[in-house]
Amino acid sequence: MSRAIKHLIGGLIVMTIGVPTATTANENDLKLTIVNPQNLYDPSPNGYSTAVIAPREARVAYISGQGGQDSTGALSPDFAVQVKQAYANLRTALEGIGAKPNQVAKLTVFVVDHDMSKLEVLTKNVKEMFGEALPAQTLIPVPKLAIDPMLFEVEAVVVLD
């Protein structure tokens with residue numbers, strides 16, 4: 001693991017991920033700590049972590065839901081295409097605030113007419129974007145989103161420093 005250190009502490013698997021910063025603060029104060037208790041189901045194969053602890057003095061940013069619209073506002077009717085574009089849009093939003101994916105502490109995803117067949121698409125995309133630095137995540141099935149053709153939306157809580 002190049003950017004992560006795993007520890008086993010009293011039945012908890014704790015992974016510490018470095019958060020880049022421009023300040024000279026103590027490096028240990030600038031870490032997201034990922035916690036996946038051993039006595040709970042391991043969610044990491046499904047693309048998320050049970051909990052993420054932000055640093056004590058961290059600034060937090062909230063990124064509004066990113067849908068699958070391209071730069072012209074067009075939406076593909078295909079769920080997988082919308083998910084891929086939504087994560088590309090999330091990456092662009094992160095770059096816009098000077099953040100990287102390993103600074104995302106929490107995702108909330110909204111899926112129209114969710115069924116189990118959509119989980120593989122979701123897991124693939126989140127793992128491609130976040131690697132081992134899997135944020136905490138909640139999936140909320142919904143009957144519809146803001147615009148009728150939208151099938152997917154992702155919002156994020158980001159630790160800046």
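User: Before turning to the second largest pocket, what counts as a pocket, and how is a volume assigned?

Analyst: On a 1 Å grid over the protein atoms alone, a pocket is an open set of points with protein on both sides within 12 Å along at least five of seven lines, and lining residues have an atom within 4 Å of a point. Grid points are joined across faces, edges and corners, and a volume is the space filled by probe spheres set on the points. Here the second largest pocket has a volume of about 170 Å³. The model is predicted: local features need pLDDT of at least 70, side-chain atom pairs count only at pLDDT 80 or more, and totals for chains, interfaces and linings use all residues. Residues are numbered from 1 along each chain as its sequence is written, and side-chain values use heavy atoms, with hydrogens and water left out.

User: Which residues line the second largest pocket, and which element supplies the largest share?

Analyst: Helices (H or I, at least four residues) and strands (E, at least two) are DSSP runs, numbered from the N terminus. The lining consists of Asn46, Tyr48, Leu119, Leu122, Thr123, Val126, Gln137, Thr138 and Leu139. Helix H2 (119-130) and strand S7 (136-142) each contribute at least two of the lining residues, and the largest share, four residues, comes from H2.

User: How does the lining divide by residue class?

Analyst: Ala, Val, Leu, Ile, Met, Phe, Trp, Tyr, Cys and Pro count as nonpolar, Asp, Glu, Lys and Arg as charged, and the others, Gly among them, as polar. By that scheme the lining has five nonpolar, four polar and no charged residues.

User: What is the order of helices and strands in the protein chain?

Analyst: The protein chain has two helices and eight strands, in the sequence pattern β-β-β-β-β-α-β-α-β-β.

User: Is Gln82 buried or exposed, and what does its side chain reach?

Analyst: Buried means under 20% relative accessible area, exposed over 50%, and partly exposed in between (1.4 Å probe, protein chains only). Gln82, in helix H1 (residues 79-96), counts as buried because its relative accessibility is 0%. The Gln82 side chain reaches the backbone oxygen of Pro149 at 2.9 Å. Contact means heavy atoms within 4.5 Å; leaving aside neighbours within four places in sequence, the contacts of Gln82 include Gly68, Leu75 and Phe152.

User: What is the phi of Asp113, and where is its place?

Analyst: Most residues other than glycine have a negative phi. Asp113 has a phi near 50°, a positive value, and sits in the loop between strand S6 (104-112) and H2. Asp113 counts as exposed because its relative accessibility is 54%.

Terms used. On a 1 Å grid over the protein atoms alone, a cavity is a set of points where a 1.4 Å probe fits but cannot get out, and a pocket is an open set with protein on both sides within 12 Å along at least five of seven lines; lining residues have an atom within 4 Å of a point. A polar contact is a pair of N or O atoms within 3.5 Å; within protein, one must be able to donate a hydrogen and the other to accept it, and residues adjacent in sequence count only if both atoms are side-chain atoms.
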